[in-house]
Amino acid sequence: MMRSMYSGVAGLKTHQTKMDVIGNNIANVNTVAYKSQSVTFNELMYQTTQAASGANATTGTAGINARQIGLGVKTGAINTNITAQGATQTTNNPFDIRITGDAFFIVSNGLDNFFTRDGYFYVDGQGNLAMTSNGYNVMGWQVDPQTQDIKMDTVSALRVMSPEHMTYPPEATTKAYVSGILDKNDVNAASSSGKTMNLQFYDKLGYSYTAKFVVKTTDVEGVYTLEVGSILDSENNPLDISGFTFGGNNTVSKTTALGLADGYSWDGTKLRGPDAMGATVDLMDLSGVTTLTDAQWETLAKAYGYNPSDAAQMTTFKSLGYTATDGTYVTIEDIFLNKSIAVTDAGGSTTNTPARTIAGIADIGSFETNVTTAVNSSILTYDATTGKFVSVGGGNSIDLNLSALNAKFENITVDFSNTTMYNNGGTSTITATNGDTKGLGSGRKIGKMTGISIQDDGRIYASYDNGQSKLLGQIAVAEFSNASGLSKEGDNLYKATQNSGEFDGIGVNIKSNGGYMTTGVLEMSNVDLSAEFTEMITTQRGFQANSRIITVSDTLLEELVNLKR
């Protein structure tokens, strides 16, 4: 049989192999992260009909080259163009990930680890990050419960939406700060109700509360009293704070101007004002009265601009009075009823003197009280010259001892050092904010997961509706000294071989060698159709030429057979 025929057959087989590879490349032109392959040919073998001989110095003849006849072609190698990046396809799916660099995702079927460039992932019903095509789990590193950072250990499945990750625990508020300007000419701070600012805070269960701070001026410029007027829950129901202390007892002097509201008048003993229908009537006659009843207190408070239904304002109204220069003190009730007060002069003589005379009040319709009293509040102080903060309760901050009210609260340290007493046109801008200036200790409600994001280093973070975020894990990658040596396993998967290098079970951080991940995009196939079609033409011609070798060889054999005729 002619050797040329066998060479032609070998040529047909190898060109068919190359055509198979080209066909597979074209078939996978739109396969995610597919890496194209190419075929190279090698000479099959040679039959030596005469060995080479060297030159003969004796006879003077030259050497003769060997006579060898080739027996065809074979497939030399099928190479995978594994390092060439495919084009980018935008999907806007946050779980679609493209790798830039030479690394591979690590996935597992529960028994073996495989490697892939296919980043088309999703979250399954158990919360695991997995391949969409076959459900293999994406592998990575978990968060160390002690350090709350990634622990680079043997890779395991990334369960990013497990029940413990779906919520973020609540936390009680432990810190707060007050900032802004407290203008000394603010009429609110000078009023009986004071300048109010709200502080929102949380208990250990994540419930929200509001503490109402009240700032009031004193007779000393730059010195204010700071009280907690009330604490309300999330439904605006007041808490019982009767046992709550804030700052302790401090002695302050406060002058308060009182004047009858529009529509009210005082004739010395009778108070006139509008009734329920708006008509002016006698509301109250204090002649002969020795002690004010609750109803009379409420009527007087309303006439002087206080809200009788507000317990705090009523307490303030009843606490007013006057302290004379000799220390004689008369209460607001003494003034209204003009009681006789025993006054002892420097010589020791005692005289009964009307309260209004002691206070120097000629007209009860408009007068001032001047009281030096002990108040259950803290003292807030500013430098009267520079307007800068000096102290609150003797330091930069003061504690809200809320744990004394209920064990579900934490004590809150409130920092006032960021406030000033500058001129702001009579308007104060002081506000209270939970947390310190860095946002620490602010407390929070329970948070529900609102989304998951994947960073360019593979770190996975969950975000929650209480403003918090949590590190859930990190996608690990594998790198190989000879990535072309990986074995294709189908389903866009590769497996390590002896020639690719082994996987150590841990993997590497993708950023360690300059690579990174991009979410919302996928790596497409790196098949070049123009090159494939060109290779298809040359393969077709090669196959055609080899078939001609067989037909011509067959014709020669036919002539050989015909010699017998």
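## Exercises: cores, a helix pair and some loop residues

Of the 32 residues in the largest nonpolar core, those that touch the most other members are Leu-271, Leu-300, Tyr-304, Phe-317, Ile-335, Phe-336 and Phe-367. A nonpolar core here is a set of buried Ala, Val, Leu, Ile, Met, Phe, Trp, Tyr and Cys residues joined through side-chain atoms within 4.5 Å. Buried means under 20% relative accessible area, exposed over 50%, and partly exposed in between (1.4 Å probe, protein chains only).

Before you start: this is a predicted model, where local features need pLDDT of at least 70, side-chain atom pairs count only at pLDDT 80 or more, and totals for chains, interfaces and linings use all residues. Residues are numbered from 1 along each chain as its sequence is written, and side-chain values use heavy atoms, with hydrogens and water left out.

**Exercise 1. Work out which elements feed the largest core, and follow Tyr-304 through its contacts.**

Step 1. Start with the elements that give two or more residues to this core: α3 (294–303), α4 (311–318), α5 (332–337), β24 (340–344) and α6 (355–359). Helices (H or I, at least four residues) and strands (E, at least two) are DSSP runs, numbered from the N terminus.

Step 2. Now pick Tyr-304 and skip its neighbours within four places in sequence. Tyr-304 is then in contact (heavy atoms within 4.5 Å) with Leu-258, Gly-259, Leu-260, Phe-317, Phe-336, Ile-364, Gly-365 and Phe-367.

Step 3. Don't stop at one core. Apart from it lies another, of 31 residues, including Leu-182, Phe-201, Tyr-224 and Ile-231.

**Exercise 2. Describe how α3 and α4 pack, and say which residues make the contact.**

Step 1. Get the geometry. The two helices pack at an angle of about 90 degrees, and their axes are 11 Å apart. The axes are lines fitted to C-alpha atoms, for helices over the stretch in contact, and angles run from 0 to 180 degrees between N-to-C directions.

Step 2. Name the arrangement. That angle makes α3 roughly perpendicular to α4; the class covers 65 to 115 degrees, while under 35 counts as roughly parallel, over 145 as roughly antiparallel and the rest as oblique.

Step 3. List the players. From α3 come Asp-294, Trp-297, Glu-298, Leu-300 and Ala-301, and from α4 come Met-314, Phe-317 and Lys-318.

Step 4. Sort them by type. The contact divides into 5 nonpolar, no polar and 3 charged residues. In this scheme Ala, Val, Leu, Ile, Met, Phe, Trp, Tyr, Cys and Pro are nonpolar, Asp, Glu, Lys and Arg are charged, and the others, Gly among them, are polar.

**Exercise 3. Find the buried side of α4 and what covers it.**

Step 1. Pull out the buried residues of α4, which are Gln-313, Met-314, Thr-316 and Phe-317.

Step 2. Look down the helix axis. The buried residues fall within an arc of 160 degrees, so they line one face of α4. The arc is taken from the directions from the helix axis to the C-beta atoms.

Step 3. Flip to the face turned away from the buried side: there you'll find the exposed residues Ala-311 and Thr-315.

Step 4. Check the cover. The buried residues of α4 are covered by elements that include β16 (208–217), α3 and α5.

**Exercise 4. Locate two asparagines with positive phi and state how exposed each one is.**

Step 1. Take Asn-92. Its phi is near 65 degrees, a positive value in a residue other than glycine, and Asn-92 sits in the loop between β5 (88–90) and β6 (97–100). With a relative accessible area of 66%, Asn-92 is exposed.

Step 2. Take Asn-338. It isn't a glycine either, yet has a positive phi of about 50 degrees. Asn-338 belongs to the loop between α5 and β24 and, at 30% relative accessibility, counts as partly exposed.

**Exercise 5. Place Lys-184 and Lys-495, and pair each with a residue far along the chain.**

Step 1. Lys-184 lies in the loop between β14 (175–181) and α2 (187–190) and is partly exposed at 43% relative accessibility. Its C-alpha is 7.4 Å from that of Asn-423, 239 residues apart along the chain. Not counting residues up to four places away in sequence, Lys-184 touches Glu-221, Tyr-224 and Met-421.

Step 2. Lys-495 is in strand β37 (residues 493–495) and is partly exposed, with a relative accessible area of 28%. The C-alpha atoms of Lys-495 and Phe-114 are separated by 5.3 Å, with their positions 381 residues apart along the chain.
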